[in-house]
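Visitor: I've got a structure I'd like to walk through with you. Could you put it up so we can talk it over?

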Amino acid sequence: MQTVDTLIECRWIVPVRPAGVVLEDHAIALDAGRIAAVAPIAEARERYTARERVQLGEHVVTPGLVNAHTHAAMTLLRGVGDDLPLMRWLKERIWPLEAALASEQFVYDGTRLAALEMLRAGVTCCSDMYFYPEAALRALREVGMRAVAGIIAIEFPTAYASDAEDYLRKGLATRDEFRGDALASFTLAPHAPYTVADATLERIAMLAEELDLPIHTHVHETAAEVEESRQRHGARPLARLDRLGLVSERLIAVHAVHLDDAEVALLANRGATVAHCPASNLKLASGIANVGALLAAGVNVAFGTDGAASNNRLDLLDEMRLATLLAKGLADDAAMLPAAQALECATLGAARALGLGDRIGSIEPGKEADLVAFALNEIETQPCYDPLSHLIYACGREHVSDVWVAGRAVVKKRQLVLDVDIEREVLASAAAWRQKAQVLLRTAP
Ligand SMILES: [Zn+2]
């Protein structure tokens, strides 16, 4: 008998690797934050004594969901700019409010709110892009979430930094500060080709190689962005990024809504990732990324919620369902993006893009134990012929029952495992920021 920390017994496991497999009546043994074994329940009981045994019954356990693109702090701006297209949304609502409000405290409070929302929705890791990444990391790590912080770069000054060089310097200092944290990692995050100059992008390409970091950037989000780049730079944004050395297996191209066939082939040939954010793209009327074509070409695809200011949910189940429905509709092919593939994009696909593919994203011995359990014994999920089908087409985030990050339970029976005060503090700070934003909105021109 071997002693392990936790033995999770459940009706179904979707390990993501091997692809498409559903294990029935299996258990997962967790020890020292990692997956020690996956075995039939009877066999696991014979082999392991567990300090804690979790008997889940009619549940399915999957790898933790990985949100490949968000601006966590922007949860504090949820619902302030609905029904506007991207540029008006940014110029009339988001940028003025951010200019007045975005501070270290704003980022800490907003990210804590986002983190609690994501954990309850089975998201165990997020790739964030925002000002004050050190405050975001503090917030995410405090509630036990795995976090990938973007070292943001943008040319214009904010309260956080004065110019692109200053953003990079501060972001790299944050990376140094969190070097000892096993659950924190980084991307280089130039905001977008239209807000970052050539020299900065070249520097980022070099830094990515030197520091072995992914590059996380918004690209080809709207048709207007592509046209503006053609006029200003004589090239479409992706061609410009390629000229400056950024299109490689390190690139996480967020949105990639407006691509021609050659651009799809370029992303595939270079081994780049597209972070598909269908809800945000639909809400801002930016368009619909052709994920079916990207996957068919061999592009790695991950899903992101984008910020809650343009979504307005941080709910990857919602994104998975939308992604697969849109892919089918766009291709006029019901076989497009089946459930198993959608779950793979939201787990292993995103993990790979973030340089975490050998650590998380699937339920395999040796990997770190980021896991989510969904209750399938409820009204909305009965009867259950195929748990994988339910995960994508029937479940909502309200079916998430238990969540583990690196073997530690962060949600138990739908309750966050936290110091009670954190939840109360988060709600109080959200109300206080709403009041401040409302004053600004009332006095806005
Ligand atoms: Zn975004």
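Visitor: In S2, which residue is the bridge partner of isoleucine 8?

Guide: A word on the ground rules: this is a predicted model, where local features need pLDDT of at least 70, side-chain atom pairs count only at pLDDT 80 or more, and totals for chains, interfaces and linings use all residues. Residues are numbered from 1 along each chain as its sequence is written. Helices (H or I, at least four residues) and strands (E, at least two) are DSSP runs, numbered from the N terminus. S1 and S2 run antiparallel and are joined by seven bridges. The partner of isoleucine 8 in S2 is isoleucine 28.

Visitor: Which strands stand at the edges of that sheet, each with a single partner strand?

Guide: Eight strands make up an open sheet with mixed pairing, in the order S3-S2-S1-S4-S13-S14-S15-S16; two strands pair if DSSP finds at least two bridges between them. The edge strands each have a single partner, so one side of each is left without a neighbour in the sheet. They are strand S3 (34–40) and strand S16 (415–416).

Visitor: How many helices and strands does the protein have, and what is its radius of gyration?

Guide: The secondary structure comes to 15 helices and 16 strands. The globule rule (2.2 Å times the number of residues to the power 0.38, with the radius of gyration taken over C-alpha atoms) gives 22 Å for 445 residues, and the protein is close to that, so it is as compact as a globular protein of that length. Its radius of gyration is 21 Å.

Visitor: Which domains give residues to the largest nonpolar core?

Guide: A nonpolar core is a set of buried Ala, Val, Leu, Ile, Met, Phe, Trp, Tyr and Cys residues joined through C-beta atoms within 7 Å. Buried means 20 or more other C-beta atoms within 10 Å of a residue's own, exposed means 12 or fewer, and partly exposed is in between, with C-beta atoms placed from the backbone. The largest core has 153 residues, and Val107 and Ala136 are among those with the most contacts inside it. The core lies between two domains because both give residues to it: domain 1 (2–63 + 370–413) and domain 2 (65–353).

Visitor: Which element gives the most to the side of domain 1 that touches domain 2?

Guide: The bounds of domain 1 and domain 2 come from an automatic or database domain assignment, and their C-alpha centres lie 29 Å apart. Their contact (C-beta atoms, placed from the backbone, within 7 Å) takes 24 residues from domain 1 and 23 residues from domain 2. On the domain 1 side, strand S4 (48–63), helix H14 (387–393), strand S14 (400–405) and strand S15 (408–412) each supply at least two residues. With five residues, the one that gives the most is H14.

Visitor: What arc do the buried residues of helix H7 cover around the axis?

Guide: The buried residues of H7 (residues 223–233) are Glu225, Val226 and Ser229. They sit on the same side of H7 because the arc they cover, taken from the directions from the helix axis to the C-beta atoms, is only 100°. On the other side, Ala223, Glu227 and Gln231 are exposed, while what covers the buried residues includes helix H8 (237–243). So the arc to remember is 100°.

Visitor: Where is the cis peptide bond that has omega near -5°?

Guide: Most residues other than glycine have a negative phi, and most peptide bonds are trans. One cis bond joins asparagine 311 and asparagine 312, with omega about 5°, and asparagine 312 is in the loop between strand S12 (300–303) and helix H12 (316–331). For the bond you're after, look to the loop between strand S1 (2–13) and strand S2 (23–31), where proline 18 lies. That bond runs from arginine 17 to proline 18.

Visitor: And aspartate 83, with its positive phi: is it buried or exposed?

Guide: Aspartate 83 has a phi near 65° without being a glycine, and lies in the loop between strand S5 (65–70) and helix H2 (86–101). Within 10 Å there are 9 other C-beta atoms, so aspartate 83 is exposed.

Methods: Contact = placed C-beta atoms within 7 Å.
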